[in-house]
Amino acid sequence: MTSAPTISVLMPVYNAERYIVEAVESILAQTFRDFEFLIVDDGSTDRSPKLLHRYAQKDPRIQLISRPNTGYVRALNEMLARSRGEFIARMDADDIALPNRFALQVGFLRQNPEVVCVGGAQDFIDEAGRVLFHYAEVEQDQEIQQKALSGTTPINHPSAMMRRAALIQVGGYDESLCPAEDLDLWLKLGEIGKLANLPETVLKYRQHANSVSERKQSEQNHQKRIACERAWQRRGIEGQFRATKPWRPTDRASRYEDILRYGWQFFNTGQRWAAIAYGIRSIQIFPLASPGWILLACALIKPLPEVDLK
């Protein structure tokens, strides 16, 4: 048995062949290299197992477990039980970690021993990796706790790094609260230590229709309320649940609106081909609606606005 690594990276995988290479390589390219990379292939039926096996053969830090599907929360608890690192870093199979993510987070946790979990800012990207928008989380413990207690997830799960001892102390992930197990975890960790987010961007967070957060928003909100009610009871406070509106598209109309907004954003920032792609996508959703055709026409023939690069 070799000495324990500083970080244990936990990444569950299920049918992620389209994105898995970028996700794995972003971890292997970290400037902070003292980590073990635990991956559970949770019964994938695509090429994910084959791709992961190639990486596991090349890099001894990767520990690959392939088995029938049980769900990602159980996979997380399984990896937690196998982990040996001082810190636990979460990663999802469709996201991209920036190269200095681990270095920044380990440095912060070393300098702030009262903090049990730290996340960071993210760039939201689409299926093709195009940046949709930048999102900076609230950074201080008090604001983070207030958001969590009202039902808003204040730390993006795949951006998080936690102290392993704290994660074990609170009992790991509660499978019964999936897909709001992350909010439940932040609430529990916030009862034994402080929570934080870095101002630096640590992750490219992929937004696509097949993600768990997008497919199960109604169920997620229900589970968030349960997690909050339990936290209010544990803390002996009266809380108010405010996370009632979905933050992602829930139907064709809301998806259409999002696509139009991002399409014009790409056009106005000089990204013609992205604007064209989004114009086509909008027409595929509502072929008879004029806004999508206007976007596509402008993207094809209209001069791009001058973009201030200062």
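Q: Which residues point one way from S1, and which the other way?
A: This is a predicted model, so take the picture as computed. In a regular strand, side chains alternate between the two faces of the sheet. Here Ser8, Leu10 and Pro12 point one way from S1. Pointing the other way are Ile7, Val9, Met11 and Val13.

Q: How many residues of strand S1 are buried?
A: S1 runs over residues 7-13 and is mostly covered. The residues pointing either way from S1 are all buried. That puts the count at 7 of 7.

Q: Which residue in S2 stands opposite Ser8?
A: S1 pairs with strand S2, residues 35-42, in the parallel sense. The pairing runs over 7 bridges. Opposite Ser8 in S2 you'll find Glu36.

Q: Is Lys58 buried or exposed?
A: Lys58 sits in helix H2, which covers residues 48-58. On the surface, Lys58 joins Arg47, Lys50 and Arg54 in a patch of positive charge. Its relative accessibility is 69%, and the cut-off is over 50%, so Lys58 counts as exposed.

Q: Is Lys188 buried or exposed?
A: Lys188 belongs to helix H7, residues 181-189. Its relative accessible area is 19%. Buried means under 20%, so Lys188 is buried.

Q: How far apart in space are Lys188 and Ala231, C-alpha to C-alpha?
A: Along the sequence, Lys188 and Ala231 are 43 residues apart. In space, their C-alpha to C-alpha distance is 7.4 Å.

Note on methods:
Residues numbered from 1 in each chain as written. Predicted model: local features only at pLDDT ≥ 70, side-chain atom pairs only at ≥ 80, totals over all residues. Heavy atoms only, no water. Patch = residues over 30% accessible without salt bridge, like charges linked within 9 Å, V, L, I, M, F, W, Y side chains within 5 Å. Areas by Shrake-Rupley, 256 points an atom, 1.4 Å probe, with all protein chains shown as cover. Salt bridge = Lys/Arg side-chain N within 4 Å of Asp/Glu carboxyl O. Lys, Arg positive; Asp, Glu negative; His and termini not counted. Charge placed at Lys NZ, Arg CZ, Asp CG, Glu CD. Helix = DSSP H or I, 4+ residues; strand = E, 2+ residues; numbered from the N terminus. Buried < 20%, exposed > 50% of the residue type's maximum accessible area, 1.4 Å probe, protein only. Pairing = 2+ DSSP bridges.
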